[in-house]
Amino acid sequence: MEITEFTARRQTLTAAAGDIAYTESGAGPAAVFVHGLATSGALWRHVIEQVNGTSRCIAVDLPLHGGTPSRADLSVTAMAQLVVDLCRGLGLDRIDLVGNDTGGVVAQIVAASHPELLRSLVLTNCDTEGNFPPPSFLPVIEAAARGEIAPLLPAAAASPAAARMSLLATGYEHPDKVPDEVWREYLTPIGETIERARGFERMLAALDPAELEAVSGRLRRLEVPTLLVWGTAEEALGVEWAYRLRDLIPGAREVVKIDGGRLFFPEERPGELAVQLRRHWAR
């Protein structure tokens, strides 16, 4: 599915805490997809195209990403509440939840706080307890706290060539093959203006390991069927953390490795994730 076709379906739910943008397609049991920092719900477009014959697929845009406006509270706990608010607003009482990158942290907090909402959980390469944020990402967070990230974002947002040289590009096996319109979809909301860039900088600086640690005990009691699908070439969120999650979550039984996959393998290699989703969901 082309990104323009996907984003043309974007809708907005008005919730008490603010508007929430999401994209929906397909019919059947509801599956909610959560992206991470500096992407959007469009990350999942190819996967959704391959599974929406079996599911009602809903890709949420987190605050300041895609079509969702910024919010005063940009913590991952607040993002998790946004996902819950979207589910309640759409009348969803049971979902299959899928997360990637920081969206995997959001998904873990949703699962720990509202296990009754989940039919199943799937996590792809994402931050975990003990690796949130990853040590290699700490210099970026420290630079954000000093106000040094925002001035760099407008140039990346304005130029796909510059975006291909950015940190975001390291999440792809083949960043040279990412279409220009994808870079614009991801980077325009967080960097088109210095005001947006400052908001994203504030989001980076707000990343707090204590928020994931706070739900650790509940994750250790989580019986929801959980599948871990992990790209093996992602260094900061390496496959060893998938096994840590398997040992942490009682409902987790299996780690599926995507050989050579990087952080954004759901976008680059959607078929390999889609077949695992269908199997895990048994549909």
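What follows is a walk through the sheet, one of its buried residues and the nonpolar core of a predicted model.

The sheet makes a good starting point. It is open, has eight strands with mixed pairing, and runs in the order β1-β2-β4-β3-β5-β6-β7-β8. At its edges sit β1 (10-15) and β8 (252-258), each of which pairs on one side only. From one strand to the next, the twist averages 25°. On the β1 side, β1 pairs with strand β2 (residues 18-25) in the antiparallel sense, over six bridges. Leucine 13, for instance, has isoleucine 20 in β2 as its bridge partner. Toward the other edge, helix α12 (residues 239-248) lies across β6 (118-126), β7 (226-231) and β8, and runs at about 170° to β8.

Next comes isoleucine 58, which is part of strand β4 (residues 56-60). Its relative accessibility is 0%, so isoleucine 58 counts as buried, the cut-off being under 20%. Leaving aside residues up to four places away in sequence, isoleucine 58 touches Tyr22, Thr23, Glu24, Ala31, Val32, Phe33, Leu86, Leu90 and Leu92. Phenylalanine 33 is 25 residues away along the chain, yet the C-alpha atoms of this pair are separated by 6.2 Å.

Phe33 turns up again in the largest nonpolar core, a set of 104 residues in which Phe33 and Leu97 touch the most other members. Helix α3 (residues 76-89) supplies the largest share of this core, with eight residues. As for leucine 97, its contacts beyond four places in sequence are Val32, Val34, Val83, Ala107, Val110, Leu118, Ser120, Leu121 and Val122. Val32 is thus touched by leucine 97 and by isoleucine 58.

Methods:
Residues are numbered from 1 along each chain as its sequence is written. This is a predicted model: local features need pLDDT of at least 70, side-chain atom pairs count only at pLDDT 80 or more; totals for chains, interfaces and linings use all residues. Side-chain values use heavy atoms; hydrogens and water are left out. Helices (H or I, at least four residues) and strands (E, at least two) are DSSP runs, numbered from the N terminus. Buried means under 20% relative accessible area, exposed over 50%, partly exposed in between (1.4 Å probe, protein chains only). Contact means heavy atoms within 4.5 Å. A nonpolar core is a set of buried Ala, Val, Leu, Ile, Met, Phe, Trp, Tyr and Cys residues joined through side-chain atoms within 4.5 Å. Two strands pair if DSSP finds at least two bridges between them. Axes are lines fitted to C-alpha atoms, for helices over the stretch in contact, and angles run from 0 to 180 degrees between N-to-C directions.
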